[in-house]
Amino acid sequence: MWLSAMVNKHHGEFGLAKWLAFILELVSSIVLLALMLLTCSDVIGRYVFNNSINGTTELTELALCIVVFCQLPIVTLTSAHVVVDILDRILPVIFMRISSLIINVGIAVGFFFLSERVWFQAARSLRRGVMTEFLHIPVAYFIQFIAIMMFVTAVILVLKAFYTAFSKAEVSE
């Protein structure tokens with residue numbers, strides 16, 4: 001009950017997508033906390049005990065991959081990205097709707113294409129057995145995660161494009 005109330009408080013306007021946003025934010029937060037603890041432990045180990053944690057660089061790279069690509073669909077869903085709206089007050093609403101449709105669909109096409117190419121690279125890495133240098137962690141699963149998050153972001157962009165184009169609400173000024 002409290003979990004549902006908390007999710008509704010922060011993501012109430014997104015319907016069922018609020019649970020996707022909540023799960024991705026939770027994963028991102030846990031990985032970021034682990035990254036912080038790893039970095040602090042590595043620094044303490046390096047300067048106090050004169051011995052750093054092996055594989056810290058690899059774990060940091062993989063953790064950043066998870067944090068960044070967990071946030072990509074959330075930023076798209078909440079429209080938290082940078083927007084330049086110099087001409088929004090001057091141009092008519094119909095132009096804003098059409099340009100929003102074209103921009104979102106164009107970016108979605110790019111994300112669909114990139115997610116397919118990244119998925120191809122993940123499959124190739126999986127076939128070749130590519131692993132990190134020191135810890136021997138399979139890289140392909142992280143690359144697949146990137147492709148999936150890019151695909152989810154593309155789907156969100158398409159849905160937002162048509163929602164913005166065909167909704168009766170006014171475009172914000």
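**Helices, a nonpolar patch and two salt bridges**

Ile44 is partly exposed, with a relative accessible area of 47%. That is a handy place to start looking around this model, which is predicted. Ile44 sits in helix H2, the stretch covering residues 17-47. It also has company at the surface: Val43, Ile44, Tyr47, Val48 and Phe49 together make a nonpolar patch of about 590 Å². Because patches are built from residues with over 30% relative accessible area, Ile44 at 47% clears that cut-off.

Stepping back to the whole protein chain, the secondary structure is easy to sum up: there are five helices and zero strands. Read from the N terminus, the order of elements is simply α-α-α-α-α. The chain has 173 residues, and 31% of them are buried. As for how the chain meets itself, the contacts counted here are those between residues at least 6 apart in sequence, and 71% of these join residues at least 24 apart. On the outside, the chain exposes about 11700 Å². Carbon and sulfur atoms supply 71% of that exposed area.

Now for the charged side chains. The structure holds two salt bridges. One of them pairs Asp42 with Arg46, whose side chains meet at 2.8 Å, taken from N to O. Both residues belong to helix H2, and because they are four residues apart there, about one helical turn separates them. The two partners sit in rather unlike settings. Asp42 is buried, its relative accessible area being just 7%, so it falls under the 20% limit for that class. Arg46, on the other hand, counts as partly exposed at 38% relative accessibility. This pair thus brings together a buried acid and a partly exposed Arg. Helix H2 also carries Ile44, one of the residues in the nonpolar patch.

The other salt bridge is found further along the chain, where the side chains of Glu116 and Arg117 meet at 3.6 Å, again from N to O. Here both partners fall in the middle class of exposure. Glu116 counts as partly exposed, at 41% relative accessibility, and Arg117 is partly exposed too, with a relative accessible area of 34%. Neither value is under 20% or over 50%, so neither residue is classed as buried or exposed.

Terms used: Residues numbered from 1 in each chain as written. Predicted model: local features only at pLDDT ≥ 70, side-chain atom pairs only at ≥ 80, totals over all residues. Heavy atoms only, no water. Patch = residues over 30% accessible without salt bridge, like charges linked within 9 Å, V, L, I, M, F, W, Y side chains within 5 Å. Areas by Shrake-Rupley, 256 points an atom, 1.4 Å probe, with all protein chains shown as cover. Salt bridge = Lys/Arg side-chain N within 4 Å of Asp/Glu carboxyl O. Helix = DSSP H or I, 4+ residues; strand = E, 2+ residues; numbered from the N terminus. Buried < 20%, exposed > 50% of the residue type's maximum accessible area, 1.4 Å probe, protein only. Contact = heavy atoms within 4.5 Å.
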